[in-house]
Amino acid sequence: MLNILITGATGNVGREVTGLLSAYEGIRIATRDPLRARQTLGNQINAVSFDLAQPETFAAAFKGIQRVFLVRPPDVANVRQQIVPALNAAKTAGVEQIVFLSILGADRNRFIPHHAIEQAIAQLDIPGTFLRASFFMQNLNNTHRAEIQRGELLVPAGNGRTSFIDVRDIAEVAVKALTEDGHRHRAYDLTGAAALTYDEVAEIFTEVLGKPVRYAHASIWRFIREMTSRGLPLNFVLIMVGIYTTARLGLAGEVTDEVARLLGRSPISLRQYVEDYRSCWV
Ligand SMILES: NC(=O)c1ccc[n+]([C@@H]2O[C@H](COP(=O)([O-])OP(=O)(O)OC[C@H]3O[C@@H](n4cnc5c(N)ncnc54)[C@H](OP(=O)(O)O)[C@@H]3O)[C@@H](O)[C@H]2O)c1
């Protein structure tokens, strides 16, 4: 039996991966707070202490593990100091494959941490599977939940298109890569089946929720003002501005058929996602 370690297991994608593998015996989740993780994910879960800021937690977390699902936490930017020591520990422990949650375009953009992480995995000669995902649909029920509840979608993305993906699709691909053979030394560009403008997104919300949701076409300045006034840290807001500017410039609309090819079905549509998560906004 393969032993699999899931990092980021309490986060958006990791929680779905953990759910899909819940009946799998060799699963261990890595978290800074095992007690809280068990309360969220279920008492039966095998949880181990793991903190990228505490290298002394690495050896026990990786012991006996063959495959790892690796998530880079959003506030971890220094790859050399905060990620590479964990990768070294994985290598020392004999990990045979790392399935890394990366981001679409990571191979082309050397300024983002995901690029450096992919390179570090390759340099350590640990077989990798890079899941280069586009923009998560679930950002709409996390970061943008309150404003959509008020009937507004406030992002500075202009008329640019985004190929939104549902994290449940990413998780299903991750589980395939973690449990099947044939995914080592591969990179998958994972997107939804369509690239939508935020006017189209607002229209889908309006139809499914049965109440008007309007795309505010926010300027960058209004977006920064509104997000920081809600208490979001400026550096996090500036990363969001970068992401929405990419969409505004027409660079977030790439659609691939990787999800359909890997899962043998179409990716979850944005309409389906809004129907499934309806209770978040009503
Ligand atoms: N949002 C998007 O549209 C999008 C698109 C493509 C790629 N991505 C990438 O996806 C990643 C985020 O994935 P996500 O949204 O699933 O995660 P998330 O919901 O932001 O959760 C972050 C996870 O990281 C863990 N964590 C935080 N600090 C840690 C530390 N010091 N040591 C160990 N674990 C730590 C947390 O676990 P505990 O609290 O249990 O320790 C938590 O489970 C980022 O790298 C992001 O760039 C995002």
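A polar contact is taken here as a pair of N or O atoms within 3.5 Å. In the predicted model, an oxygen atom of the ligand lies 2.9 Å from a polar backbone atom of valine 13. Side chains provide further pairs of this kind: an N or O atom in the side chain of threonine 10 is 2.7 Å from a ligand oxygen atom, and a distance of 2.7 Å also separates a ligand oxygen atom from an N or O atom in the side chain of arginine 32. Of the 940 Å² of accessible area that the ligand has on its own, the protein covers 86%.

The ligand is surrounded by 25 residues, of which Thr10, Thr31, Arg32, Arg72 and Phe136 come nearest. By residue class, this shell comprises 12 nonpolar, nine polar and four charged residues. Helix 1 (12-20) and strand 5 (97-103) each contribute at least two residues to the shell, and the largest share, three residues, is that of strand 5.

The chain is assigned to domain 1 (4-133) and domain 2 (134-165 + 192-253 + 265-282), and each of these domains supplies at least three residues of the ligand shell. The C-alpha centres of domain 1 and domain 2 are 27 Å apart. At the boundary between them, seven residues of domain 1 are in contact with six residues of domain 2. About 480 Å² is buried between the two domains, with carbon and sulfur atoms giving 62% of this area. On the domain 1 side, the greatest losses of area to domain 2 fall to Asn12, Leu104 and Ala133, which together account for 66% of what that side buries.

Conventions: Residues numbered from 1 in each chain as written. Predicted model: local features only at pLDDT ≥ 70, side-chain atom pairs only at ≥ 80, totals over all residues. Heavy atoms only, no water. Near = heavy atom within 4 Å. Polar contact = N/O pair within 3.5 Å; in protein donor to acceptor, adjacent residues only side chain to side chain. Areas by Shrake-Rupley, 256 points an atom, 1.4 Å probe, with all protein chains shown as cover. Helix = DSSP H or I, 4+ residues; strand = E, 2+ residues; numbered from the N terminus. Nonpolar A, V, L, I, M, F, W, Y, C, P; charged D, E, K, R; others polar. Domains from an automatic or database assignment. Contact = heavy atoms within 4.5 Å. Buried area = accessible area lost by both parts, 1.4 Å probe.
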